[in-house]
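Trainee: I've got this one open in the viewer and I'd like to zoom in on a single spot before working outwards. Could you take me through it and then show me how the rest fits around it?

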Amino acid sequence: MDKKKVIKHLETIAIYLELKGENPFKISAYRKAAQALERNDQSLDEIDDFSKLDGIGKGTNAVIVEFIEAGETETLNDLKEEVPEGLIPLLDLQGLGGKKLAKLYKELGVIDQVTLRKACENGDVEKLSGFGKKSVEKILQALDEIGKRPERLPLSDVLVLPQLIEEELEKIDDINRYSIAGSMRRLRETIKDLDYIIATTNPKQVADSLVHLSAVKEVVAHGETKVTVIVESKWDVSVDFRLVAPDEFYTTLHHFTGSKDHNVEMRRLAKQKGLKISEYGVEEEETGKIHTFDSEQAFFEFLEVPYLPPEVRETGEEVSVNHSPNLIELADIKGDLHMHTTWSDGAQSIEEMVKKNIEKGYQFIAITDHSKFLRVADGLDEVRLRQQREKIKEVQAKYPEITIFCGVEMDILPDGTLDFSDEFLKEMDFVIASIHSSFSQSEEKIMARMRTAMESPYVDMIAHPTGRLIGRREGYALDIDTFIDWAVETNTIIELNANPNRLDLHWTELRKAQEKGARIAINTDAHSYQMLDDMAIGVKAARKGWIERDTVINSWTPEQLQSFLKTKKGEA
DNA sequence: GCCGTTTTCGGCCCGACTGTTTTCAGTCG
């Protein structure tokens with residue numbers, strides 16, 4: 001029995017309660033109990049009394065205990081007898097919530113997609129009170145679209161859109177200011193739609209311009225406070241524009257940046273102070289006076305909450321952290337320690353990459369092409385790596401303003417050995433080890449491979465530790481907690497791979513890593529010029545994990561970094 | 001179902017929109 005199963009069980013109960021049309025507060029009580037477990041750092045065995053956690057009381061505690069002991073609970077078993085399983089996916093249909101579904105089930109015997117469609121088509125649904133012609137139309141349309149597009153899209157599939165949209169927003173005269181909001185602003189790794197907040201004194205004019213943006217494929221809503229359009233890229237993506245008066249801009253921006261849980265917490269806190277937060281401002285309940293703000297910082301200050309950047313506004317618990325975190329910023333980054341060149345599968349030469357990194361203002365980089373095992377990437381063997389070192393020396397002489405580390409991204413082989421001997425690795429300035437093969441091995445084997453790499457005094461860093469590709473590949477069976485412990489124990493750097501397809505390690509794990517004292521490097525793993533720009537996304541992902549500057553080794557000077565690298569080799 | 005240096009009962013975040021109504025419930029963000 002593990003914690004994840006218990007959390008899942010509580011959430012499942014909540015879903016069934018929703019379908020039963022239960023009291024919404026009871027439903028959210030189960031969700032809150034699940035969250036309470038999720039936020040708690042301890043493992044299941046370490047928690048001696050669940051009801052001591054905030055949000056878990058007598059009832060949910062009993063459910064948890066029963067589930068741990070029996071592997072099932074009477075609560076859920078009873079619910080399953082009352083509510084057919086086939087209704088659950090129907091909750092995802094736009095416009096159908098628990099109550100309406102409960103009604104469809106009780107009055108028309110709808111139990112799944114097929115019976116729902118039938119009931120719509122033979123006119124039964126239309127006759128039901130609370131439903132009408134339009135509801136039937138919408139349900140049928142939603143049924144047609146089910147499964148066409150994943151509900152949430154991987155970040156990297158959507159990332160091009162803001163650039164495209166903002167280029168044109170810049171040109172609309174009546175826009176006073178604008179900002180992206182929603183999960184994109186918080187850098188969630190999957191995105192459902194895009195939200196923009198626009199300040200204007202001429203909403204009608206702006207709305208008319210918005211529906212004519214070149215990327216627009218379809219206009220869904222065209223009002224004076226809200227415009228919704230569908231834009232076409234790899235997928236159809238819905239974009240909401242909220243038009244507000246300039247003085248409401250920052251409270252609206254905060255509101256639509258979310259997350260929902262964050263907003264709930266902020267409002268709860270405001271309420272204790274006799275204040276009411278809405279997207280239009282903060283109202284004093286007693287006098288009705290409404291406060292608006294010149295910045296989000298001012299908004300937080302007014303509520304006496306230390307400023308929280310958008311990336312960390314997730315669970316709501318951040319609201320009660322009573323200091324502003326000193327988070328890493330893009331400007332702190334002094335170098336990039338993972339990139340490829342034409343020597344293996346990169347697009348640019350060593351010199352080209354070096355020049356581009358100098359333009360970025362970096363003080364150091366590591367050239368880290370693939371090792372010989374990775375034939376598809378034209379990985380380098382010992383001979384070619386030595387040749388490359390000579391080449392790097394030449395380039396280094398030409399560009400003394402930047403320190404170039406001779407590195408390699410060495411494969412950890414399926415049999416658990418490394419692609420190079422210690423004797424050879426000794427020659428390298430910076431050695432990355434990573435797994436690119438045999439992803440389906442058991443956790444035991446994967447961990448053994450990691451252990452070998454981390455124990456080597458010459459392996460400085462593990463790249464993209466889990467191997468996941470967001471929305472496409474799960475990653476191999478890594479025991480992340482143990483991995484982090486080993487990283488601390490062996491002085492091995494953990495990478496945060498800034499590639500938006502990866503963002504690996506994940507932000508929740510990064511936070512744990514920092515708490516345990518691990519060192520993090522944010523790297524682009526660039527295979528071309530353009531990918532060097534992913535550093536900005538990497539830094540945001542780090543901030544999302546509350547990563548502070550001192551944890552990030554590429555915020556250090558080249559000298560600090562060099563001396564740190566020596567400690568692992570025992571040369572310090 | 002949870003919770004309480006205002007409360008052990010009566011709250012639980014707030015507002016807009018939609019489609020259904022004839023004043024509002026349900027859904028959504």
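In which sense do strand S9 (residues 281–284) and S10 pair, and over how many bridges?

Mentor: Bear in mind that this is a predicted model. S9 and S10 pair in the antiparallel sense, and two bridges hold that pairing. For a concrete spot to click on, take glutamate 283, whose bridge partner in S10 is isoleucine 290. Zoom out a notch and you'll see an open sheet of three strands in the order S8-S9-S10, with antiparallel pairing. Strand S8 (275–278) and strand S10 (290–291) are the edge strands, each with a single partner strand, so one side of each has no neighbour in the sheet.

Now for where that sits. The domain assignment splits chain A into domain 1 (3–145), domain 2 (153–244), domain 3 (249–320) and domain 4 (330–569). The centres of domain 3 and domain 4, taken over C-alpha atoms, are 39 Å apart. There is still some contact: seven residues of domain 3 touch six residues of domain 4.

Next, the other open sheet. This one has five strands in the order S2-S4-S7-S6-S5, and its pairing is mixed. Strand S2 (177–181) and strand S5 (216–222) take the edges with a single partner strand each, so each has one side without a neighbour in the sheet. From one strand to the next, the twist averages 20°. At the S5 end, S5 pairs with strand S6 (residues 226–232) in the antiparallel sense over five bridges. There, histidine 222 stands opposite valine 227 in S6.

Two helices lie across this sheet. Helix H10 (residues 160–169) lies across S2, strand S4 (194–199), S6 and strand S7 (236–244), at about 20° to S4. Helix H13 (residues 249–257) lies across S2, S4 and S7, at about 15° to S2.

On to the packing. The largest nonpolar core has 93 residues, and Leu194, Leu210, Phe241 and Met450 touch the most other members. Domain 2 (153–244) and domain 4 (330–569) both give residues to this core, so it lies between them. Apart from it there is another core, of 43 residues, including Val63, Leu96, Leu116 and Val136. Leucine 210 is a good one to inspect: leaving aside neighbours within four places in sequence, it is in contact with Leu169, Ile172, Ile198, Val216, Val227, Phe241 and Leu243.

Last stop, further along the chain: strand S16 (residues 493–497). Five of its five residues are buried. Both faces are covered, with Ile493, Glu495 and Asn497 on one side, and Ile494 and Leu496 on the other. S16 runs parallel to strand S15 (residues 461–462), joined by two bridges, and isoleucine 462 has isoleucine 494 as its bridge partner in S16. S16 also pairs with strand S17 (residues 520–523), again in the parallel sense, over four bridges. In that pairing, glutamate 495 has alanine 521 as its bridge partner in S17. As for the connections, S15, helix H20 (residues 480–490) and S16 make a right-handed β-α-β unit. S16, helix H21 (residues 507–515) and S17 make a right-handed β-α-β unit too.

Key
Residues are numbered from 1 along each chain as its sequence is written. Chains are lettered from A and ligands numbered from 1 in the order in which they are written. This is a predicted model: local features need pLDDT of at least 70, side-chain atom pairs count only at pLDDT 80 or more; totals for chains, interfaces and linings use all residues. Side-chain values use heavy atoms; hydrogens and water are left out. Buried means under 20% relative accessible area, exposed over 50%, partly exposed in between (1.4 Å probe, protein chains only). Two strands pair if DSSP finds at least two bridges between them. A crossover is right-handed if, with the strands pointing away from the viewer, the path from the first strand over the helix to the second runs clockwise. A nonpolar core is a set of buried Ala, Val, Leu, Ile, Met, Phe, Trp, Tyr and Cys residues joined through side-chain atoms within 4.5 Å. Domain bounds come from an automatic or database domain assignment. Contact means heavy atoms within 4.5 Å. Axes are lines fitted to C-alpha atoms, for helices over the stretch in contact, and angles run from 0 to 180 degrees between N-to-C directions.
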